[in-house]
Amino acid sequence: MKVSKDFIDDKKLENILVQAKPTEEEIERIINKSLNKERLSLEETATLLQAEKPEWIEKIFKGAEELKNRIYGDRIVLFAPLYVGNKCINNCEYCGFKASNTEIDRCTLTIKELQAEVKAMEKKGQKRSILVYGESPDYDADFIAKTVKAVYDTREDKGEIRRVNINAAPLDIDGYKKLKEVGIGTYQIFQETYHHETYQRVHHSGPKRDFEWRITGLDRAMEAGLDDVGIGVLFGLYDWKYEVLGLLEHTIHLEKKYNVGPHTISFPRLKEASNVSIDDKYLVDDEEFKRIIAILRLAVPYTGLILTAREDAKLRREVINLGVSQIDAGTKIEINGYSEDDDEQDINREQFMIGDSRSLDDVIYELLSDGYIPSFCTACYRLGRTGEHFMEFAIPGFIKRYCGPNALLTFKEYLEDYASEKTKELGEKLIEEKLAEIEDEKTKEKIEAKLEEIENEKRDLY
Ligand code: SAM
Ligand code: SF4
């Protein structure tokens, strides 16, 4: 795998940050460029990162909100993670699963247990999941493929998981090919930090210590034909402004080399974990966190932004509008967590502590109260519209035209099959309102007909 040595050049990124000199005029020009749906350059993004005056930050927030509404509409895609196994041969300083942590209970789901987890998720109404694995010779591509198949083959009474994404260690090209065969959605690898020195400091031992192998992980996925990949940074390890530029540099690299950027960007913040002592030097506070989301939204208008349940409910509610397109809900990160359905979190059974442990229905109710349409849509991926194709379709307002209606249909299924009384009532009202907003009569009639089919027990329409 050939990747140019200066793919992530720490000095270059630091210099771009130092040289950025924001002015009101320049900030406005950059926001307008982004509102015209153009990806920003490293220098432009650095200008937004260095904008410290409160009125400038406010402008950036407003710009991000407007962009989110223009491109993504009021749809929020919902998913839930499923932890398959927490064995790990790495020693990442920040993670409860690190090999040196002897206090954590180590286990790997059997296929039977995995299927029980999937059924428990499906019973709540989940349709999209991301399978999460530690790094271990036990979790090779064959094992991951076997677990993905088991998830797709498990169907509860009323529904099934229709899209399985993966968050696991980087693989070789043959490994990714095996996963392409079983039909995975996105393959996520977080670089954690793009700063070489910090990377070496926090990854004490194990294969993950190899920065190059990890950063080229998604290039190999692309070479294997998996054009749907997700990147991320663990915020709190190094300077957040530098890390945002790292994410953008990685995006630009994938765009240039494969003609398609990452499908999603994740921006987890460091949380308390078993046997982890957190150094607070680079911790990101809530205000900085909001700036990260808004600036990422503006920098990469077409990339999905994922906000996880690591954050608490109040903050999640506040920041969604700054540009988030996907959230997890009803999340359990303990092994066997969905089948046990226990509300207590146990630090020695989890990778880290989550902040939002509400049920899927409670999160949906809140989204509806705030005017969002929860979406379980998996149409693009099942129609082969990923990677390059996804971008092409996305560019001329595709998301609003197709994803909006599909969101309504998948949400209607949720209301019919799983919603509480109060969610159903509010949800039906919102669907009516959204239908009323559709100007084109033909489109409206088509959606109404499909909604009726769903009331008559038809499922999986798109
Ligand atoms: N083991 C694989 C790896 O490291 O790439 C995949 C899964 S790991 C379980 C998922 C992600 O959790 C990591 O990439 C890291 O960003 C995040 N993570 C680890 N420790 C964390 C902590 N203490 N707080 C928040 N997120 C954490
Ligand atoms: Fe293992 Fe991933 Fe945790 Fe590192 S972050 S210790 S690789 S599970």
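1. Helices and strands here are DSSP runs, with at least four residues for a helix and at least two for a strand, numbered from the N terminus. The model is predicted. On that count, the protein chain has 19 helices and eleven strands. The radius of gyration of the chain is 21 Å, close to the 23 Å that the globule rule gives for 462 residues, so the chain is as compact as a globular protein of that length.

2. Now the overall dimensions. Along the principal axes, the C-alpha atoms of the protein chain fill a box of roughly 60 × 55 × 40 Å. Half of the chain is inside, in this sense: 50% of the 462 residues count as buried. Look also at which parts of the sequence meet. Take the contacts in the protein chain with a separation of 6 or more. Of these, 79% are between residues 24 or more positions apart.

3. Next, the domains. The domain assignment splits the protein chain into domain 1 (69-383) and domain 2 (388-456). Their centres, taken over C-alpha atoms, are 26 Å apart. The contact between them uses 26 residues from domain 1 and 24 residues from domain 2.

4. Which elements give two or more residues to the side of domain 1 that touches domain 2? They are α4 (54-72), α15 (360-369), β11 (373-375) and α16 (379-382). The most comes from α15, which gives five residues. By class, this side of domain 1 holds 13 nonpolar, seven polar and six charged residues.

5. Two annotations come from an unreviewed UniProt entry. The record places "domain: Radical SAM core" at residues 72-299. In the model, that span is 39% helix and 15% strand. Its end C-alpha atoms are 15 Å apart. The record also places "coiled-coil region" at residues 428-460. That span is 76% helix and 0% strand, and its end C-alpha atoms lie 18 Å apart.

6. Ligand 1 has 20 residues around it. Which of them come nearest? The answer is C95, F190, K271, A273 and F352. By class, the shell around ligand 1 has 13 nonpolar, three polar and four charged residues.

7. Turn to ligand 2. The residues around ligand 2 are C88, N90, C92, C95, F97, K98, G134, E135 and K208. By class, this shell has four nonpolar, two polar and three charged residues. Find C95 in the list for ligand 2. C95 is also one of the residues that come nearest to ligand 1.

8. Two backbone angles deserve a look. K37 has a phi near 65°, a positive value in a residue other than glycine. K37 is in the loop between α2 (24-35) and α3 (42-49). Is K37 buried or partly exposed? With 15 other C-beta atoms within 10 Å, K37 is partly exposed. The reasoning is simple: buried needs 20 or more such atoms and exposed needs 12 or fewer, so a count in between means partly exposed.

9. E192 has a phi near 75°, again a positive value in a residue other than glycine. Where is E192 found? E192 is in the loop between β6 (187-188) and α8 (196-202). E192 has 26 other C-beta atoms within 10 Å, so E192 is buried.

Methods. Residues are numbered from 1 along each chain as its sequence is written. Chains are lettered from A and ligands numbered from 1 in the order in which they are written. This is a predicted model: local features need pLDDT of at least 70, side-chain atom pairs count only at pLDDT 80 or more; totals for chains, interfaces and linings use all residues. A residue is near a molecule or strand if its C-beta atom, placed from the backbone, lies within 6 Å of it. Ala, Val, Leu, Ile, Met, Phe, Trp, Tyr, Cys and Pro count as nonpolar, Asp, Glu, Lys and Arg as charged, and the others, Gly among them, as polar. Domain bounds come from an automatic or database domain assignment. Two residues are in contact if their C-beta atoms, placed from the backbone, lie within 7 Å. UniProt positions are given in the numbering used here, feature names are shortened, and annotations may be inferred rather than shown by experiment. The radius of gyration is taken over C-alpha atoms; the globule rule is 2.2 Å times the number of residues to the power 0.38.
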